[in-house]
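Trainee: I have a new model open and would like to learn how to read it. Could you walk me through it?

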Amino acid sequence: MALELLIGAIKAVVVLVLILNVAAILLWFERKGSALMQDRIGANRANIFGIGKRLGLPNLGLINTLMADALKLFTKEDFIPDGADKFVHGLAPFLALFPVLVTFVVIPFGDVITIMGRTIELRAAELNVGALYILATIGIGVYGVALAGWSSNNRWSLLGGTRATAQMISYELAMGLAIVAVVVTYGTLDLQAICRAQGGVWFGFLPRWGILVQPVAFLMLMTAGMAESKRVPFDLPEGESELIAGYFVEYSGSKQAVFMLTDFAEVVLVSVLVTTFFFGGWQIPYLYRDGFHFPWGSIVALPNVAVAILGVVAFLLKVLLFCWLQIVIRWTMPRFRYDQLMRLGWKGLLPLGLANVAVTAVVVVLAGV
Amino acid sequence: MVDFPLGLILLMPALGVVFNIFFGARLGRRWVNVVGPGVIFVAFAIALAAFAKLMSLPAGGSLGFMMWPWIHAGKFTVDVALRLDALSGVMVLVVTGVGSLIHLYSCGYMAHDPDVARFFAYMNLFMLSMLTLVLSDNLLLMFVGWEGVGLCSYLLISFWYTNPEFAYNGRKAFVVNRVGDAGFVLGALTLLSAFSVHGVWSFNFVEMHSHIGMISPTIATAVGLLLLLGATGKSAQIPLYVWLPDAMVGPTPVSALIHAATMVTAGVYMVARMNFLYRLGPSAMDAVATVGAVTAMFAATIALVQPDIKRVLAYSTISQLGYMFLGVGVGAFGAGIFHVMTHAFFKALLFLGAGSVIHAMGGEQDMNKMGALRSKLPITYITMLAATLSITAMPGFAGFFSKDAILGAAFTSGHFWLWLIGIITAGLTGFYMFRLLFMTFHGESRVEPERLHHLHESPPVMTIPLMILAVLSVIGGWVGLPNGILWGDAFGRFLSPAVGQFVPVVEFSDLALTAISVLVALAGILLAYVMYIRLPGLPYLLAYRASALYDFFLNKYYIDQLYDWIITKPLFFISRYILWRGVDSYGIEGLVEGAGLTVETGSGLARRTETGNVQHYAFVYLLGAIGIAAYYIYRMWQ
Amino acid sequence: MPLWFFVFLAALSIISALGVVLQRNPVHCLLALIVTLMTIGVLFIGLGAVTVGFLQIIVYVGAIMVLFLFVIWLLNLQAMPANSGHLALKLLGAIGAAALVAELFAFFTQVPATAPPPANPPADYGSVSQLAIALFSNYLIAFEVTSILLLAAVVGAVALARRAPADTEPRIAQTETRAAKSEGW
Amino acid sequence: MVPASYFLILSALLFTIGVAGVLIRRNLIVMLMSIELMLNAVNLAFVAFSRTFSSADGQVIVFFVMTVAAAEAAVGLAIMIAVFRNRETVNADELTLMRW
């Protein structure tokens with residue numbers, strides 16, 4: 001029992017650390033990437049005793065991102081506006097961050113690993129209704145933003161909060177429908193099972209990834225996910241030019257840091273979901289429990305641990321890839337108008353998702369899966 | 001008892017009623033004039049057929065027709081069934097025959113009345129009721145007809161209801177009849193209870209007749225008196241005659257049909273029909289006879305001085321009805337019914353003739369404004385002369401035989417005084433009838449000039465019935481000649497199975513009696529001739545000299561005023577100040593409005609619970625939930 | 001589910017439920033209600049009805065409560081004086097509530113379910129498939145009717161909340177309200 | 001394992017609290033919330049019984065209750081908006097036009 005708890009704790013910590021680091025790295029990605037795309041240099045000032053210079057290393061701004069900003073944010077004054085609902089105002093950021101973080105609990109980041117004869121599922125919580133869980137946590141995620149906007153006693157933030165809430169509610173539907181389609185396809189709510197189902201190949205060479213079965217659902221999940229994460233082109237809740245910064249205008253210091261962290265965590269979450277549902281999660285083409293089985297017949301045997309670690313690495317790489325994709329989009333697209341946003345959500349994605357689910361259901365029934 | 005579709009006789013007038021009520025006004029006068037009398041003629045034809053059938057049966061036979069079961073309550077059963085024996089046969093013939101003639105006459109008489117459809121509807125309804133009365137085979141159905149004719153009488157007396165006095169007279173007739181009907185109902189119920197004691201639960205005449213032996217004479221007398229009360233009401237005898245003179249305000253055909261020929265004889269018919277009962281209670285019969293005789297004389301005296309032609313006829317009707325009661329009262333039921341028939345002929349004729357006169361005079365009824373109409377209205381004069389001779393019992397005329405039979409029976413049955421009254425009345429009759437005739441048709445004309453120029457004989461539709469009735473008033477009595485002459489009293493023999501045989505107790509020569517009555521009548525006629533032809537001033541002189549007596553007669557013995565003071569006024573007082581102002585206003589309305597007030601206040605209070613506040617409702621809801629839960633806990637802990 | 005966990009959740013739910021009733025600010029009430037609902041959802045899961053538990057959170061917390069929040073914002077309801085008279089009603093309501101809870105106690109301490117439920121329910125207990133099978137076999141008609149009900153609710157909500165032609169209605173409404181207030185309704 | 005009666009009693013308490021909320025609070029929205037609370041208390045009882053007799057029916061009922069609750073909330077809140085637009089209040093004490 002105790003051992004179980006220990007293992008669970010370890011897994012949880014691992015996941016948490018992973019997410020936070022990925023988020024932090026993502027921040028750096030964002031800066032450097034945007035600088036790259038806009039032909040700027042980007043963050044390059046922070047320097048500790050000029051060590052880097054001495055060593056002649058190029059200044060990649062890592063220090064800015066990973067240390068300086070964090071220090072700055074966490075040492076700033078935590079300002080609470082007059083007339084704000086202090087309790088809710090303080091509670092909101094964590095209400096925003098918490099659901100996103102706990103979502104990762106059900107994400108399998110690898111296959112089973114066997115240590116001292118004990119096989120361990122590489123995910124924090126072995127929940128067999130992971131999909132439902134994800135939907136639930138995403139649903140809860142609304143409140144942080146909404147309450148943040150409301151409690152600040154500020155028109156802009158209230159507007160931002162309202163927009164954010166409306167937007168997230170609208171796109172939750174599309175997201176849910178996409179996930180439902182996948183669930184119907186694989187006939188289970190267990191994410192690990194879904195990942196396993198994506199192992200193996202068709203016609204001897206084509207990896208059985210979900211993208212090939214549910215392309216529509218993939219597009220919908222991607223779009224809806226980006227809308228959920230309220231980033232450009234869906235950043236109306238915080239559109240600087242209209243609402244200054246939307247629902248977290250009145251936040252400063254650590255709380256604002258939490259909001260930013262939430263932002264990136266959501267990006268990671270979207271990538272994770274996409275990876276899990278459509279790109280085999282930790283699956284690597286041709287890699288099985290006992291090693292690689294290439295289409296041309298050559299077999300490379302590998303120890304179980306190696307396979308597991310490979311899987312985790314592959315998972316992380318895929319996630320980072322999709323994070324990068326989102327960043328590229330974020331720096332490429334202009335912002336939607338609100339009516340466009342709503343039209344896309346209600347008139348575009350929702351009917352599409354319904355049709356997709358219907359078709360999927362029919363096909364599944366006919367195929368007798 | 002042989003089956004015969006007697007129902008058809010009733011069906012005809014019923015059809016007429018329906019037609020006249022629902023289509024008459026729409027289809028117009030022509031149709032009404034065809035259908036109204038037509039149905040009665042058809043009924044008359046059917047009645048003739050039925051009568052022929054009856055004649056073909058051996059004596060004492062009867063026709064029966066069961067229409068439908070009516071009341072079956074325990075042992076008590078009454079059916080809507082008809083029966084035609086000799087008695088009802090005669091009545092049916094009289095009713096339908098005279099009725100059809102009068103209907104025909106009405107077509108002419110009501111030619112200028114806009115409301116003719118309603119008139120014929122009422123008339124047909126009356127025929128229906130009268131035939132029901134006559135044909136019924138049990139007392140209850142008879143009572144239905146009894147009430148029906150009363151209703152029709154009321155409707156027709158106040159036919160011109162726009163005149164308040166006419167409406168009042170109609171109401172008077174109705175109310176007075178109610179008194180009599182009360183007597184009828186009490187009598188009937190007493191009889192039934194008396195029978196039911198012995199296990200006979202029936203109103204059927206035949207059954208009652210067969211079981212009459214069970215009844216004790218006292219009860220029979222009581223019932224007889226009660227029924228007599230009803231008869232006096234319907235037949236306008238003392239003390240309930242007062243409505244008939246006032247009933248003359250109705251259209252003259254109505255007076256002829258209802259208040260002379262048919263309805264008013266219903267009392268006589270009823271007594272004759274219940275003869276088995278009356279035979280059991282001699283004192284009741286004496287009462288009947290006494291009432292009849294007194295009424296006859298009493299009414300005759302009033303008739304002496306009345307100026308209104310129709311009122312004279314009305315009182316003479318009462319007087320003649322008195323003769324009939326005298327007849328049935330002394331046990332000569334056959335003679336009574338005989339007089340009913342002949343009286344129907346000549347009295348109907350008299351009324352119709354008077355109606356023709358009034359028609360010609362443009363509505364004038366005061367004989368002081370008539371005179372010397374003989375040349376203007378020849379047919380009317382001739383026919384009325386025949387009728388007058390008949391009613392004054394001139395030998396050979398119809399009235400002679402019937403009245404003679406009655407008076408003879410009165411004497412030979414030992415009622416000398418009643419006979420004497422009858423004789424005197426005969427004289428009075430001769431006087432006032434010829435007074436009427438002379439004042440109307442003879443002497444010098446007192447007609448107002450502006451009426452003179454449009455004096456005219458009535459149209460044939462009116463005169464033809466007059467002639468037919470005139471013939472009947474002459475020969476109608478030959479069916480019942482005195483015994484020993486030709487075929488003798490065929491009528492009496494025919495009736496005797498139904499009403500029993502008259503047995504004289506005093507032996508006396510019929511011829512002498514006849515001679516006396518005829519002489520007395522002639523004396524009356526002579527007196528009238530003297531007073532109204534020879535010495536026209538004499539009546540006024542007499543009226544001046546004996547003004548007290550004259551006024552006494554003229555005002556009908558002040559009986560109306562008497563009733564007014566004894567009965568009407570106190571009744572109105574009680575009704576207005578005790579029943580209306582007191583009981584109704586405070587008692588009943590108090591109850592009603594009290595109920596309303598209770599509801600109003602109660603709801604006013606209950607209304608307060610509707611506060612419109614959701615939470616109050618929710619709280620009540622909660623209480624309900626608690627109650628239900630409590631109930632189940634109670635169940636659980638049982 | 002261990003007893004201590006149940007007790008913890010029960011206490012949490014009751015406290016937050018009381019918060020719903022007692023707090024002045026509608027938004028705080030809403031937050032309290034959200035906590036209650038989530039606790040109940042967790043209790044469902046603890047009882048093994050996993051699907052229903054998550055559905056509870058998705059539907060209630062994720063959708064319905066957000067609707068409430070929106071309306072609160074839309075009507076701009078700030079903390080309002082909770083006790084506007086009606087102390088009598090409050091007292092009676094409290095008494096009635098006490099009576100009700102007493103009765104329910106009387107029931108639930110008597111029900112045969114006092115014994116602990118079977119430790120090992122059927123393998124698929126509370127799973128989506130079990131629920132789905134029940135829904136689409138025994139309760140199919142009810143299910144369809146519910147869908148119709150939802151459609152009707154959507155249409156009705158839209159029809160009700162749509163802003164009426166903005167010229168007449170508000171004025172009438174205001175006069176009406178003013179009249180009402182002046183007459184002390 | 002926790003006896004089902006504990007759940008039932010808990011649901012009773014929650015239900016009663018909801019009742020009290022409906023009776024005590026003047027704010028229509030809070031009253032609606034209290035109603036939701038009552039619904040959920042009942043749901044809890046249903047699930048407890050469902051677990052006791054390990055049948056799916058209780059959960060199905062819960063499912064339906066949720067659906068109905070969603071519909072009810074939607075319509076109710078819409079009504080509330082309409083009312084507020086007309087009367088400028090959602091105070092139950094001031095919304096008493098439907099009375100004697």
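Trainee: In what order do the elements of chain C run from the N terminus on?

Mentor: Keep in mind from the start that this is a predicted model. Reading from the N terminus on, chain C goes α-α-α-α-α-α-α. In other words, chain C has seven helices and zero strands.

Trainee: And how many helices and strands are there in chain D?

Mentor: Chain D has three helices and zero strands, and its elements run α-α-α from the N terminus on.

Trainee: What share of the residues is buried in chain C, and what share in chain D?

Mentor: A residue is counted as buried if 20 or more other C-beta atoms lie within 10 Å of its own. In chain C, 32% of the 185 residues are buried. In chain D, buried residues make up 63% of the 100 residues.

Trainee: How do I read contacts between residues that are far apart in sequence?

Mentor: Take the contacts with a sequence separation of 6 or more, and ask what part of them joins residues 24 or more positions apart. For chain C that part is 52%. For chain D it is 48%.

Trainee: Now the places where chains meet. How many residues do chain D and chain C each give to their contact?

Mentor: A general idea to begin with: the size of an interface is often given as the accessible area lost when the parts come together. Here we count residues instead. The contact takes 70 residues from chain D and 79 residues from chain C. On the chain D side, the elements that give two or more residues are α1 (4–24), α2 (28–52) and α3 (57–87) of chain D.

Trainee: Which element gives the largest share of the side of chain D that touches chain C?

Mentor: That is α3(D), with 25 residues. Sorted by class, the side of chain D that touches chain C holds 46 nonpolar, 14 polar and 10 charged residues.

Trainee: How many residues does the contact of chain D with chain B take from each?

Mentor: This contact takes 10 residues from chain D and 11 residues from chain B. The chain D residues that touch chain B divide into seven nonpolar, one polar and two charged.

Trainee: Let's turn to sheets. In what order do the three strands of the open sheet in chain B lie?

Mentor: When reading a sheet, look for the order of its strands, then the sense of each pairing. In chain B the order is β1-β2-β3, and the pairing is mixed. At the edges are β1 (2–3) and β3 (76–84) of chain B, each of which pairs on one side only.

Trainee: Where does the mixed pairing show up?

Mentor: Compare the two pairs. β1(B) and β2(B) are parallel, with two bridges, and there B:Asp3 stands opposite B:Gly64 in β2(B). Strand β2 (residues 63–73) of chain B pairs with β3(B) in the antiparallel sense over nine bridges. In that antiparallel pair, B:Pro69 faces B:Asp79 of β3(B), and B:His72 is opposite B:Thr77 of β3(B).

Trainee: How many residues lie between β2(B) and β3(B) in their hairpin?

Mentor: Two residues lie between them, and B:Gly74 in the turn has a positive phi of about 60°.

Trainee: What is the sense of pairing in the open sheet of chain A?

Mentor: The pairing is antiparallel, and the three strands come in the order β5-β6-β7. The edge strands are β5 (287–288) and β7 (299–301) of chain A. Three bridges join β6 (residues 291–293) of chain A to β7(A), and A:Gly291 stands opposite A:Ala301 in β7(A).

Trainee: Which residues other than glycine have a positive phi?

Mentor: Among them are two in chain A. A:Asp39 has phi near 60° and sits in the loop between α1 (2–37) and α2 (51–54) of chain A. A:Asn153 has a positive phi of about 55°, in the loop between α6 (142–151) and α7 (155–186) of chain A.

Trainee: Why is A:Asp39 called exposed, and why is A:Asn153 called partly exposed?

Mentor: Count neighbours: 12 or fewer other C-beta atoms within 10 Å means exposed, and 20 or more means buried. A:Asp39 is exposed because it has 6. A:Asn153 is partly exposed because it has 15.

Trainee: One last feature: which residues does the cis peptide bond in chain B join?

Mentor: The bond joins B:Ile238 and B:Pro239, with omega about 5°. B:Pro239 lies in the loop between α8 (217–235) and α9 (243–246) of chain B.

Notes
Residues are numbered from 1 along each chain as its sequence is written. Chains are lettered from A and ligands numbered from 1 in the order in which they are written. This is a predicted model: local features need pLDDT of at least 70, side-chain atom pairs count only at pLDDT 80 or more; totals for chains, interfaces and linings use all residues. Two residues are in contact if their C-beta atoms, placed from the backbone, lie within 7 Å. Helices (H or I, at least four residues) and strands (E, at least two) are DSSP runs, numbered from the N terminus. Ala, Val, Leu, Ile, Met, Phe, Trp, Tyr, Cys and Pro count as nonpolar, Asp, Glu, Lys and Arg as charged, and the others, Gly among them, as polar. Two strands pair if DSSP finds at least two bridges between them.
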